[in-house]
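User: Could you take me to one place in this structure and look at it closely, and then connect it to what lies around it? I am new to it, so please explain each term as you go.

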2 protein chains.
Amino acid sequence: MELGSPGAAPGGVSVSAVLPAGGSGERLGGATPKQFCAVQGRPLVSYAVRAMERISWISDVIVVVSPENTETMKTIIEKYGHKKVTVVKGGITRHRSIFNGLKVFAENEFSSHLLQKPEVVIIHDAVRPFVEEDIVAKVVMAAKEHGAAGAIRPLVSTVIASAADGCLDHSLERARYRASEMPQAFLFDTIYEAYQQCTDYDLDYGTECLHLVLKYCKTNAKLVEGTADLWKVTYKRDLYAADSIIKDNLSQQVCVITNVKETLAQVGFLLPESLKSQIKVEAISQSLSKNDSHLQNIISGQCYNFVCVNDKRCAIQEIQELVDMLEKSNIPLLYPVVLISLKHQLDYCIWTKGKINITEEIGSTEVHLDISENNSFSIGMEDLTMIKKFARETKKKNILVYGLLIQCKDPLLLQETVNSAAALIMALIKDRNPELIGQLLVA
Amino acid sequence: MELGSPGAAPGGVSVSAVLPAGGSGERLGGATPKQFCAVQGRPLVSYAVRAMERISWISDVIVVVSPENTETMKTIIEKYGHKKVTVVKGGITRHRSIFNGLKVFAENEFSSHLLQKPEVVIIHDAVRPFVEEDIVAKVVMAAKEHGAAGAIRPLVSTVIASAADGCLDHSLERARYRASEMPQAFLFDTIYEAYQQCTDYDLDYGTECLHLVLKYCKTNAKLVEGTADLWKVTYKRDLYAADSIIKDNLSQQVCVITNVKETLAQVGFLLPESLKSQIKVEAISQSLSKNDSHLQNIISGQCYNFVCVNDKRCAIQEIQELVDMLEKSNIPLLYPVVLISLKHQLDYCIWTKGKINITEEIGSTEVHLDISENNSFSIGMEDLTMIKKFARETKKKNILVYGLLIQCKDPLLLQETVNSAAALIMALIKDRNPELIGQLLVA
């Protein structure tokens, strides 16, 4: 997730990007413009900024926002640690905003220092969060060769023209037409010339940059087949879809850290096996302190899900170490991290019937685990209160802590119980529900 | 949710509907055709069928599926209690499938008995789950007057034509064009004539019914502005969106049933108040048996969320009564119902310090609630096992049972604790997560 060192751009050209983010989001039906709507706690515009900024060969990212949102945008940039970004005040229409963004490279009007003019400029939308480097590179290469290029997608519905009486005039043959999507890219001088030459009517009523360079620079843009994930967040349902896609993307890998005594090691072995059918699993079986670099590698490889398998003696202390490592890594800065503290109580292993009280020191808090006389476990409220308190603190760091208890009296049922724990772990990871933090689930 | 008695159709015409459901769902990227993908446990096609079937003035709903899916479709119809439906085998293209669907009203080829030919036939998609009666009526009225009509939506992206070299030829002025959506409606004789006259090329490569009636019957369809929810489930993200929209729709109302002693009535009062800021609340404060008709009205008014506030003495028994009522009502047939069993332990009210064991008889299962000696509560594993077992049983009836415990020692903190319970209730309702059933959350 770290920004790469400046890499070679496709075709060796210098490249920067302009992101118009001035829209009002009327179609979304809410008060907040859609680019500022939170998805997994982070404004949509931050995803698009990140998608551009992480591409090593993109030098500058210009975000154009309406004047009243300048401060909001600056706060977002600071909060999510965005680099490379310059915020520019937009105009009253999309074209005027893009033009303002381009001026930063050509005039002194919009920034204290003139930014280095790129050979190719990418134009992308603040509300298209999922653009991959691959398609951006293709569009940039095509722009270098043709002067302009844009991503396209097949039409989902037939397009029709209506007559003045509101009746069908004709329908277009779907195969001949495409939807024009983003990103687009242009030789900077070409698109800048088009904007300088175009009319006020173009600036006020047009929306399509490819059209401007065709009309004013006789440049026929190269069309590049884009992937399905380029779609634009337009309606509320698109926000829902974006949220689900991000949660899906974050649910690809889990790291299971087991630090238990040998008599209890079964769960540490069985659990990763059970999870493997559903998710990529990295299993670490030594104690944390002995294995910092391995875990560090997993964290910096962008793992967003952790299960700590504890016996009675460790628990929160070990989790706190992981929380500290995650915090240092900046991993929770962009996406919420799920951290599940799994305890197991396998009474057929080590305990005898009778009342036992195991107390452990965690900071200044005491944890009680009671085994009541009827040979069933019980969870003390003190435990629950402590987990909750801890989870509330770590949530401020964008780390979602949940508790999970495996309780199994019968060795023959252990596999089944572990499978049920794996199902709960997958549910917690996929859901990332911030309201359920600090709860103790039981498998 | 009950099917209405046959109502008067708009304009007094007889109306039936054809739903092509033969698509392979290539764009979705899965093995299951999208119309059979489950959303909240139910295949998408069932939502579209239901949307048509619940409109009282629609007589028959013809679902056209590919031959290999006929049995699947018949099973769906039986499982979800669909009425009015006839399953017809489709052809190899969309147009051929629709034609087969229409033939049911005109030829003996496809069904054992010829269905009554409607004056107006609606054509809708199996993968557009959210169509409202209002827009269907508008389209039917327009079809009666103009011979054909279809819902349209503004274009989301600019539409462009590409030249043979893969470069931009021209872009369309977005304001002049519309996306053609569904439902569409036709005078039956008009659309049937169009299908009878059209060429094999039309049947194999065309997709737009409005185009056929224009070409072969000189009928210019009336275009009707549709609502945003008419969109077609095309990609995986659309399935995510559909799932979220359905969960949203199911989270509009909660019924809080309080059956507690006076000393504990505070929660029964405070909780609905706290919930009211987030959801419509129906509060019932008497015991269930005394209030059957009121509760029955709430259930048949399509309430999908229930909170039972219990003191120590009732619990599962009361919930079982509600489960029975819900089962009888058929409400869980189409959508999962959330049922939260809320217990409160307010030890400042009635309990003194010391070890207490309250045992209650529930069927043959005993529940223990222990108050341990340090004046904190604990949850026995026996309780948890019992809730889980019960929840697993009710899940088979599409009723999702969760446990929630309010524990509060300090009267001054009661409001805060109740607010936290309300937040958990909202999270459970909005999520409807089947993996978390039988868990006991603590506020």
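Analyst: **From a loop to the interface and a sheet**

Gly301(A) sits in the loop between helix H10 (292-300) and strand S14 (305-310) of chain A, where helices (H or I, at least four residues) and strands (E, at least two) are DSSP runs numbered from the N terminus. The model is predicted, with local features needing pLDDT of at least 70 and side-chain atom pairs counting only at pLDDT 80 or more, while totals for chains, interfaces and linings use all residues. Residues are numbered from 1 along each chain as its sequence is written, and chains are lettered from A and ligands numbered from 1 in the order in which they are written.

Gly301(A) counts as exposed because it has 12 C-beta neighbours inside 10 Å; with C-beta atoms placed from the backbone, 20 or more others within 10 Å make a residue buried, 12 or fewer exposed, and a count in between partly exposed. Ile331(A) is 30 residues away along the chain, yet its C-alpha atom is 9.5 Å from that of Gly301(A).

Turning to the interface, 61 residues from chain A and 61 residues from chain B take part in the contact, which requires C-beta atoms, placed from the backbone, within 7 Å. On the chain A side, helix H8 (residues 236-250) gives the most, with 6 residues. Since 100% of the interface residues of chain A are also interface residues in chain B, the copies meet through the same surface. Strand S8 (residues 158-162) of chain A pairs in the antiparallel sense with strand S10 (residues 177-187) of chain B over 4 bridges, pairing being defined by at least two DSSP bridges. Within S10(B), Ala179(B) is the residue opposite Val159(A).

A turn of 180° with a shift of 0.0 Å along the axis lays chain A on chain B with an RMSD of 0.1 Å, using a least-squares fit on the C-alpha atoms of residues with pLDDT of at least 70 in both. The two copies are thus related as by a two-fold rotation axis.

Strand S14 can also be followed in chain B, where 6 strands form an open sheet with parallel pairing in the order S13-S12-S14-S15-S19-S20. Strand S13 (280-284) and strand S20 (440-442) of chain B are at the edges, each having a single partner strand, so one side of each lacks a neighbour in the sheet. Inside this sheet, strand S12 (residues 253-259) and strand S14 (residues 305-310) of chain B pair over 5 bridges in the parallel sense, and Ile257(B) has Cys308(B) in S14(B) as its bridge partner.

Methods: Contact = placed C-beta atoms within 7 Å.
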